[in-house]
Amino acid sequence: MTEDTTLATDDLQRVLVVMAHPDDAEFTCAGTIAKWIKAGRQAHYVVCTSGDKGTKDPDITPHHLAAIREEEQLAAAQMLGIEGVTFLRHRDGELEASKEFRAEIAMLIRDYKPDIVFTHDAWRPYLLHPDHRAVGITVCDAIVAARDHLFLPGQTAIGLEAVEPAELYLWGAAEADYFEDITQTIDLKLDALSKHKSQLRRPNWRQRIRQWAADTGEPHGMAYAEAFKRIAFRR
Ligand SMILES: [Zn+2]
């Protein structure tokens with residue numbers, strides 16, 4: 001296996017991944033993030049809910065489930081080399097694209113100063129989960145609010161100055177136009193995903209995710225790939 005280190009000299013170093021639930025990033029972008037970390041980038045996770053409704057077990061409480069899922073997310077992130085995880089602890093299934101939520105995400109963007117942001121594609125038709133829609137919309141709106149100082153003047157006044165990321169990647173995109181070869185990190189992605197034990201009910205999950213990555217890569221001459229809609233701002 002050869003390591004791709006072409007990103008090490010790239011000026012786009014900091015990556016912020018904003019997801020609705022623990023495990024969303026491992027399913028969708030962890031192969032790409034792990035590859036980029038190996039090549040010298042840094043990445044931070046923001047997890048908007050702790051997934052406290054994600055179970056069929058009638059005996060588990062939401063608080064207990066949230067604690068389990070945060071532990072699972074921390075273990076997965078550590079395996080990938082993520083430098084930090086921020087849990088916002090909103091209620092699972094109840095996220096809305098409000099001004100308050102937008103300001104919260106914009107504050108995190110202004111604080112972390114990412115060059116690259118990853119999140120859900122809210123424009124995919126028939127995207128069922130309301131949290132995925134709300135986070136996708138809110139992150140886009142927050143990027144706009146974070147990049148001009150007259151937005152959120154209270155944040156500007158306390159030193160959280162305007163920040164303009166260079167690129168946005170949306171996973172689960174209906175119109176994907178960027179395909180990252182994750183052949184070197186597919187096993188790491190699957191191992192990180194395996195940390196989310198509470199969510200992996202089907203015994204053949206590993207084979208299904210591997211096949212999904214193979215099907216994504218095949219038209220592009222890649223053994224395994226992840227797909228995104230890529231939006232460039234600065235370049
Ligand atoms: Zn989710």
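Let's start at the zinc ion, which is held by His21 (through ND1), Asp24 (through OD, listed twice) and His132 (through NE2), at 2.1 to 2.7 Å. A donor here is an N, O or S atom within 2.8 Å of the metal (3.2 Å for Na, K and Ca), and water is not among the atoms, so sites may look incomplete. Keep in mind that this is a predicted model, where local features need pLDDT of at least 70, side-chain atom pairs count only at pLDDT 80 or more, and totals for chains, interfaces and linings use all residues. Residues are numbered from 1 along each chain as its sequence is written, and side-chain values use heavy atoms, with hydrogens and water left out.

What arrangement do the 4 donor atoms make around the zinc ion? Their angles run from 53 to 127°, which makes it irregular. For four donors, tetrahedral would need all angles between 85 and 135 degrees.

Along the sequence, the donor residues follow the spacing H-x2-D-x107-H. His21 sits in the loop between β1 (14-19) and α1 (24-28), while His132 belongs to helix α5 (residues 130-147), so the pair ties together parts that are 111 residues apart in sequence. Helices (H or I, at least four residues) and strands (E, at least two) are DSSP runs, numbered from the N terminus. Both His21 and His132 are buried, meaning under 20% relative accessible area with a 1.4 Å probe, protein chains only.

Now for the open space. The largest pocket holds about 780 Å³, and among its 31 lining residues, the closest to its centre are Asp24, Phe27, Thr28, Arg124 and His132. You've already met two of those names, Asp24 and His132, at the zinc ion. A pocket is an open set of points on a 1 Å grid over the protein atoms alone, where a 1.4 Å probe fits, with protein on both sides within 12 Å along at least five of seven lines; lining residues have an atom within 4 Å of a point. The second largest pocket has about 300 Å³, and its lining includes Asp23, Phe27 and Trp205.

Finally, look at helix α2 (residues 30-38), where 8 of 9 residues are buried. One of them is Ile33, which is also among the residues touching the most other members of the 27-residue largest nonpolar core. Such a core is a set of buried Ala, Val, Leu, Ile, Met, Phe, Trp, Tyr and Cys residues joined through side-chain atoms within 4.5 Å. The largest share of this core, 5 residues, comes from α2. After α2 comes Gly40, with a positive phi near 115°.

Key. Four donors count as tetrahedral if all angles lie between 85 and 135 degrees; four count as square planar and six as octahedral if opposite donors are over 155 degrees apart and all others between 65 and 115; anything else is irregular. Buried means under 20% relative accessible area, exposed over 50%, partly exposed in between (1.4 Å probe, protein chains only). Grid points are joined across faces, edges and corners, and a volume is the space filled by probe spheres set on the points.
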